[in-house]
Amino acid sequence: MEAIIQDLTVGFTGLTWKMLVMWLIGLTLMYLAVKKDYEPLLLMPIGFGAILANIPFSSAIGPDGPLTTLFQAGISNELFPVLIFVAVGAMCDFTPLLKMPFMMIFGAAAQFGIFATIIVAALLGFPINEAASIGIIGAADGPTTIYVANKFAPDLLGPLSVAAYSYMALVPIIQPPVIRLLTSKKERMIRMPYNADDNISHQVLIAFPIMITLVAGIIAPISVSLVGFLMFGNLLRVCSGLGKLSNAAQNELANLVTLVLGITIGGTMTAEGFLNLKTLLIMGLGLVAFILDTAGGVLLAKILNMFLKEKINPMIGAAGISAFPMSGRVIAKMALKEDKENYIIMQAVGANASGQIGSIIAGGVVLAVVGSMLGL
Amino acid sequence: MDSVEQALLLMGIGLPVMFTVILLFIGITVVLKKVFPNE
């Protein structure tokens, strides 16, 4: 009898204050997702997964728990993030970028925050594997963050994912003040010509993802999973006759994988692993990464303007982060706010699409260099 | 090498590699547009 009562009350007796805090964190993420529309497709499953993982003796986690099974099936082997890349590639229209290939330079400049944040994290005492995983939040690209974190610091997967997706949702709040701080009104009003008639041939649309995969793969074979699957998704989009596959990648695949990815990540957020100083530092450093990314893009545009006859609106540089298409829209909106007839949406979206490529290249570089340092 | 030195080395290698790769991609795009012009 005593044993039965003990079994029935185990949920109450096993409850700790840390678990209650995690419930609050989970509920906050769900609130932000549902009420504030901050990355709802991810923050909602992550929030609920965090609650499932913090119920005393939860059967959702543990050796035979479904969340553990999902983790082993899709995250520890990087399958889920890679499948998300297929979906992202299918959603990505590289046409504005191909019309203005020069915009790709901002896709590199706006990754500055990754490398700078890795240095800051190392200065704060993080070992290089954890510092690299924290810096990669600056890729502004959830799947890349998960992919790199899983290789170098799987224990930090929960806080890293929450930081990455939270700040991606907060791009409209994070980027404008940084841009205003670094640019004058006159600079923000710079107009940029756009030739809408300069159409891109179908052959270029198909050859581009293939060539990028081959070149990136030869330079950094470790990046093939990132670049290759993104470009595969894009090929589905641009090849005629593959509309069904493209739609499946953009809808069914994206939705299903996002669903299981989110709840599985949430399942890693146990109180013992999440409620510590490291998590707070990760959240702070993630913000630093986004700010430095934005600054890197804007400052490169300003430097280029010293030498260019036809000036670039330096705000375009900030669109080089990977949060697509949100960052491009934010920049275009800021330009319209300064000058009601300054339409730079296509240039901003071009730079933003290059951020997709830049972030996975940065991920590949970090994987290759840090992997070599760690002897992986 | 401590983690700060490793991070500095990563930036020293990473940023130039990134820009080189992106410049290569720009070159590839320009060549592709020349080889396959829109008609």
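**Exercise 1. A helix and its surroundings**

Determine how far helix α12 of chain A reaches from its first C-alpha to its last, and state how many of its residues are buried.

*Solution.* Helix α12 of chain A covers residues 157-169, which gives 13 residues, and its end-to-end reach in this predicted model is 18 Å, close to the 18 Å expected at 1.5 Å a residue. Turning to burial, 13 of the 13 residues of α12(A) are buried, and the helix is accordingly described as mostly covered.

**Exercise 2. Confidence along chain A**

Find where in chain A the confidence is lowest and where it is highest.

*Solution.* Begin with the chain as a whole, for which the mean pLDDT is 92, with 100% of the residues of chain A at 70 or more. Within chain A, the lowest confidence falls in helix α1 (residues 2-8), with a mean of 79, whereas the highest falls in helix α9 (residues 112-123), at 97.

**Exercise 3. The largest nonpolar core**

Identify which residues touch the most other members of the largest nonpolar core, and which helix contributes the largest share of this core.

*Solution.* The core holds 149 residues, and those that touch the most other members are A:F106, A:I316, A:I331 and A:V366. Helix α22 (residues 345-374) of chain A supplies the largest share of the core, namely 15 residues. Taking A:F106 as an example and setting aside its neighbours within four places in sequence, its contacts include A:I316, A:L300, A:A301 and A:A351.

**Exercise 4. A residue of helix α22**

Decide whether A:S372 is buried or exposed, and explain why.

*Solution.* First, place the residue: A:S372 lies in helix α22 of chain A. Next, count its surroundings: A:S372 has 11 other C-beta atoms within 10 Å, and because the limit for an exposed residue is 12 or fewer, A:S372 is exposed. Finally, A:S372 can be set against A:F12, which is 360 residues away along the chain, with 48 Å between the two C-alpha atoms.

**Exercise 5. Chain B and its contact with chain A**

Describe chain B, and then establish how many residues of chain A are in contact with chain B.

*Solution.* Chain B has 1 helix and 0 strands, and its C-alpha trace spans about 55 × 10 × 10 Å along the principal axes. Of the 39 residues in chain B, 33% are buried. Across the interface, 38 residues of chain A are in contact with 26 residues of chain B. On the side of chain A, the elements giving two or more residues are α8 (104-109), α9, α10 (128-135), α15 (202-219) and α22, and by class this side has 32 nonpolar residues, 6 polar residues and no charged residues.

Terms used. Residues numbered from 1 in each chain as written. Chains lettered and ligands numbered in written order. Predicted model: local features only at pLDDT ≥ 70, side-chain atom pairs only at ≥ 80, totals over all residues. pLDDT = per-residue confidence, 0-100. Helix = DSSP H or I, 4+ residues; strand = E, 2+ residues; numbered from the N terminus. Core = buried A, V, L, I, M, F, W, Y, C linked by C-beta atoms within 7 Å. Buried ≥ 20, exposed ≤ 12 C-beta atoms within 10 Å, placed from the backbone. Contact = placed C-beta atoms within 7 Å. Expected span 1.5 Å × (residues − 1). Nonpolar A, V, L, I, M, F, W, Y, C, P; charged D, E, K, R; others polar.
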